[in-house]
2 protein chains.
Amino acid sequence: MPVNKIVLIGAGNVATQIGKTLHRKGVKILQVMSRTQKSAENLASMIGAEAISDFSEINRDADLYLISVTDDAISEIISKISPLHGIVAHTSGAVEMDILKGSSKKFGVFYPLQTFSKFKETDFSSIPVCTEASDDETKLALADFASKISNDIRFIDSYQRSQIHLAAVFVNNFTNYMFAIGNKILEKNNIPFDILYPLINETVEKIKHQNPHQAQTGPAIRNDKKVILKHIKMLQDEPEMQKLYQLISEQISKSVNPKNK
Amino acid sequence: MPVNKIVLIGAGNVATQIGKTLHRKGVKILQVMSRTQKSAENLASMIGAEAISDFSEINRDADLYLISVTDDAISEIISKISPLHGIVAHTSGAVEMDILKGSSKKFGVFYPLQTFSKFKETDFSSIPVCTEASDDETKLALADFASKISNDIRFIDSYQRSQIHLAAVFVNNFTNYMFAIGNKILEKNNIPFDILYPLINETVEKIKHQNPHQAQTGPAIRNDKKVILKHIKMLQDEPEMQKLYQLISEQISKSVNPKNK
């Protein structure tokens, strides 16, 4: 059964980017539901949908109810909208599919593996969408639906998805924190951050050709204690950066030679 | 006085990439000097230069002696080749310019801010080259020379350069380590690493439009203890990753609210 009529539950970054993309692709979005009528209206008005903020108003004829809310809010929503006839799916990386049991006979997960910003439109076409479903028919329906917006659909179970989400925290959130520290060091010294862009670009390009473990460079992998000690001294007024520098350097040094410390 | 004739001292990644680029641009490289004759020959043969491994054979007529060796080897080299008439410059991020005092009346730094790989040719054109010099004439000569291979020449003193080098360790070496951890988590679960590429690309694109501190997302910045504790538990067999996850999460949480812990 193809998915043609959608209800979006949630009006945050993920719902907004998915909703706008679906709308551009001509998919009918019946409703946007949000806790506050105003944020529902904000999104609904952009994508030709009805805005609602009361669970009782939910359209029971949709083929798919896509829940894009904070992880903690999912169960409460399920308890209020169940039971439904259409497919119920959430978009979370960290929440197990089975939380949706009882919401409908057909349920699943639609997790776009990307970080979403307010400042720009997301191009979904190359974003991996991790899907999982209660049964084969729903699996096919969700994959078919996902293929309307992305060319990279993957069948990933809840356990694997939670591992991907954990890996994503390292490569996205923690990497961004490394950038924030680099930025802070340069700002303190009145050096424009863009001087680091070519280096950052190359850091990312490298790992597409080489396992990142093999691509590791820098003072820690060379166990270059002189530079490491110099850097630790330079960070004496920044105890948090200093602690982080020490821990990561130790771990990198040990990763090539467990005797290094 | 324009820089036309070069002697390269060192035959590692940096010397190789600079040498090949200069050769392509038609700059005359007189000699490649390396501790081992064989590695000098390897590079020299690619760029039409003479290979030497004995300090006494060094050509005294070069306009520029570019020293690209490990930081610790620089002073020894200086003591053996001094005094020279041409400009003597090193390519290190971490070593002060004044180490070159006494090597020549004219000395300076030529630090290309990039990570160099063996597996591919480096396109120097957009790489920031940080230059510093003993005097104004040498400064202009070095900048003119640098402009043969790059469009982004910056005048950066030794103190600023050491700060840039420190920032580079965070955004390049430590970021790569985050990628290595992400890769390891996926490998253990038989998930191809390329599923993370679009996310990694976006992580980098974001910071070109937004200060990385403002671009921070993820469970730590939301102080989402449920997900954080779940991740820490998932890492129970990987104590190093676990320790790192905890420390970075703590620091990110505190960066928005010092009361978080």
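These legends go with close-up views of a predicted model with chains A and B.

**View 1. Chain B laid over chain A.** Turn chain B by 180°, with 0.0 Å of shift along the axis, and chain B lands on chain A with an RMSD of 0.0 Å. That makes the relation between them a two-fold axis. To find that axis in chain B, look for B:Thr175: its C-alpha is the nearest one, sitting 2.6 Å away. Both copies use the same surface, and 100% of the contact residues of chain B turn up again in chain A.

**View 2. The cysteines at position 130.** What is the relative accessibility of A:Cys130? A:Cys130 comes in at 0%, so this residue counts as buried, the cut-off being under 20%. B:Cys130 also has 0% relative accessibility and therefore counts as buried. As for disulfides, count zero of them over all chains.

**View 3. The fold of chain A.** How many helices and strands does chain A have? Chain A carries nine helices and eight strands. Its C-alpha atoms fit a box of roughly 70 × 40 × 30 Å along the principal axes. Take the contacts between residues at least 6 apart in sequence: 51% of them link residues at least 24 apart.

**View 4. Inside and outside of chain A.** Of the 261 residues in chain A, 58% are buried. The accessible surface of this chain adds up to about 11,100 Å², and carbon and sulfur atoms account for 49% of that. On the charge side, chain A has 31 positive and 29 negative side chains. The centres of those two sets are 7 Å apart.

Definitions and conventions: Residues numbered from 1 in each chain as written. Chains lettered and ligands numbered in written order. Predicted model: local features only at pLDDT ≥ 70, side-chain atom pairs only at ≥ 80, totals over all residues. Heavy atoms only, no water. Least-squares fit on C-alpha atoms with pLDDT ≥ 70 in both. Contact = heavy atoms within 4.5 Å. Disulfide = S-S within 2.5 Å. Buried < 20%, exposed > 50% of the residue type's maximum accessible area, 1.4 Å probe, protein only. Helix = DSSP H or I, 4+ residues; strand = E, 2+ residues; numbered from the N terminus. Areas by Shrake-Rupley, 256 points an atom, 1.4 Å probe, with all protein chains shown as cover. Lys, Arg positive; Asp, Glu negative; His and termini not counted. Charge placed at Lys NZ, Arg CZ, Asp CG, Glu CD.
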